[in-house]
Amino acid sequence: MFALSDADDVPVFSVPDPAPAAPKPQRAKTRCRTIEEADLDAVIGLLRAGFADRSEAYWRQGLARHRAQDLPDGVPRYGYLVEREGEAVGVLLALYRVVEDAAGTHLRCNLSSWYVKPEFRSLGTLLDGFAMRDKAVTYVNVSPAPQTWAMHKARGFKTICAGQMLTLPWLGRHRGRARAASPETLALLPEAEARLVADHVSYGCLGLVWSHGTKAGALLFQRRAIKVLPGRLGWLRFPGLQLVYHSPGLDLPACLGAVGRHLLLRRGMPWFVLDALERRADLPGRYFPGRAPKFARGPNPPMAGDLSYTEIVLFGA
């Protein structure tokens with residue numbers, strides 16, 4: 001289109017206003033952040049969706065037990081979640097604790113219970129990367145799904161448990177005396193370890209204190225069902241115990257007979273299972289390679305069988 005100007009009869013073009021540009025589509029806002037107290041209802045909802053065999057009470061009890069642990073400022077209390085447009089769509093529990101041992105004081109983190117809604121599964125890698133940023137922290141996974149074992153090794157995790165032993169402790173050497181954890185027997189232990197044992201007894205673990213002369217040490221057992229050979233209707237199970245902690249300096253073969261005698265006479269329990277890297281020739285029993293492996297990455301990996309303050313005892317087997 002054009003029109004003539006009154007001033008000099010020079011054609012002047014008139015350009016119509018351009019059509020407004022279509023608005024650019026906005027990207028959905030996604031972020032990964034730490035879990036706060038106000039998020040717990042949403043987090044538990046996600047966990048129940050991902051682990052249908054676990055009740056709401058199971059999650060609340062375990063998280064309440066973990067909440068009671070003292071942690072330094074700046075350390076995540078519960079772990080991490082992924083938000084999409086303000087909605088929690090993924091969660092990874094990261095259960096930190098302060099460890100005091102021969103290596104000094106350091107942080108250990110139990111990575112546990114990963115779940116992302118199926119439609120947002122591609123965002124799951126955000127959780128893993130966000131949760132394992134601190135190279136000074138030792139990260140452990142005590143319940144890895146079989147399909148993740150190779151992935152853990154590719155990410156630098158080392159095997160701290162390659163199988164489990166079913167042992168008959170009453171066949172071991174009989175030395176010293178094993179007694180139930182009580183104010184009297186806990187007084188034989190260092191203060192920090194006595195507190196650890198008392199905490200786990202309050203979680204439902206069975207605590208024993210072994211003593212011989214001036215030596216003393218603690219053992220903690222988690223009650224659980226042990227799978228045996230599969231039958232026509234699935235795996236057969238029988239009641240048992242799992243060793244989830246013993247004092248780092250405790251000579252387990254030396255105290256095994258006394259522990260076995262106590263378990264058999266006071267608890268009617270002739271066996272227990274314990275984590276191991278390989279078959280232990282110093283313990284009577286059978287080794288099951290590849291059963292319940294566990295992994296760790298970081299400067300201070302725990303010894304095989306140290307499951308203290310992990311999901312195994314906080315939430316229950």
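Is serine 308 buried or exposed? Serine 308 is buried, with a relative accessible area of 3%, and the tour will return to this residue once the chain as a whole has been surveyed.

**The whole chain**

Start with everything displayed, bearing in mind that this is a predicted model. Coloured by secondary structure, the protein chain shows eight helices and 14 strands. Of its 317 residues, 45% are buried, and the accessible surface comes to about 17,400 Å², with 56% of that area belonging to carbon and sulfur atoms. Among the contacts with a separation of 6 or more, 69% are between residues 24 or more positions apart.

**The loop before helix H8**

Select serine 308 next, and look for it in the loop between strand S14 (285-297) and helix H8 (311-314). The side chain of serine 308 makes two polar contacts to inspect: one with the side chain of arginine 97, at 2.9 Å, and one with the side chain of aspartate 306, at 2.7 Å. Leaving aside residues up to four places away in sequence, serine 308 touches Arg97, Leu196, His200, Val244, Tyr245 and Val313.

Now move to leucine 307, which is found in the loop between S14 and H8 and which counts as buried because its relative accessible area is 2%, below the 20% cut-off. With residues up to four places away in sequence again set aside, leucine 307 touches Val142, Gln242, Val244, Asp275, Lys294, Ile312 and Val313. To see how the chain folds back at this point, add glutamine 222: the two residues are 85 apart along the chain, while their C-alpha atoms are separated by 9.8 Å.

**The largest nonpolar core**

Which residues touch the most other members of the largest nonpolar core? They are Ile35, Val91, Leu93 and Phe315, within a core of 35 residues. At least two residues of this core are supplied by each of helix H1 (40-50), helix H2 (56-67), strand S5 (87-101), helix H6 (191-202), strand S11 (215-231), strand S12 (234-246) and H8. H1 gives the most, with five residues, and is therefore a convenient element to highlight while the definition of a core as buried nonpolar residues joined through side-chain atoms within 4.5 Å is kept in mind.

Centre the view on leucine 93 and show its surroundings. Not counting residues up to four places away in sequence, leucine 93 touches Ile35, Val43, Leu47, Trp59, Leu63, Tyr78, Gly79, Asn110, Leu111, Ser112, Ser113 and Phe315. Two of these partners, Ile35 and Phe315, are also listed with leucine 93 among the residues that touch the most other core members.

**A nonpolar patch on the surface**

Switch to a surface representation and select Trp170, Leu171, Leu264 and Leu265, which make a nonpolar surface patch of about 400 Å². Leucine 171, one of the four, is placed in the loop between strand S8 (158-167) and strand S9 (177-180). At 49% relative accessibility, leucine 171 counts as partly exposed.

**Salt bridges**

The final stop concerns charged side chains: a search of the whole structure finds 14 salt bridges. Begin with glutamate 37 and arginine 67, whose closest N and O atoms are 3.4 Å apart. This pair links distant parts of the chain, since glutamate 37 sits in the loop between strand S3 (30-34) and H1, arginine 67 belongs to helix H2, and the two are 30 residues apart. Glutamate 37 is partly exposed at 45% relative accessibility, and arginine 67 is likewise partly exposed, at 37%.

Continue to glutamate 56 and arginine 48, a salt bridge in which the closest N and O atoms are 3.9 Å apart. Glutamate 56 has a relative accessible area of 33% and is partly exposed, and arginine 48, with 40%, is also partly exposed.

A third pair to select is arginine 179 and glutamate 184, with closest N and O atoms 3.7 Å apart. Here the partners fall into separate classes: arginine 179 is buried, with a relative accessible area of 19%, whereas glutamate 184, at 58% relative accessibility, counts as exposed. To finish, select Arg31, Arg33, Asp39 and Glu83 together, which are joined into one network by salt bridges that share partners.

Notes:
Residues are numbered from 1 along each chain as its sequence is written. This is a predicted model: local features need pLDDT of at least 70, side-chain atom pairs count only at pLDDT 80 or more; totals for chains, interfaces and linings use all residues. Side-chain values use heavy atoms; hydrogens and water are left out. Buried means under 20% relative accessible area, exposed over 50%, partly exposed in between (1.4 Å probe, protein chains only). Contact means heavy atoms within 4.5 Å. Accessible areas come from the Shrake-Rupley method with a 1.4 Å probe; for residues, only the protein chains shown count as cover. Patches are made of residues with over 30% relative accessible area and no salt bridge: like charges are joined within 9 Å, nonpolar side chains (Val, Leu, Ile, Met, Phe, Trp, Tyr) within 5 Å. A salt bridge is a side-chain nitrogen of Lys or Arg within 4 Å of a carboxyl oxygen of Asp or Glu. A polar contact is a pair of N or O atoms within 3.5 Å; within protein, one must be able to donate a hydrogen and the other to accept it, and residues adjacent in sequence count only if both atoms are side-chain atoms.
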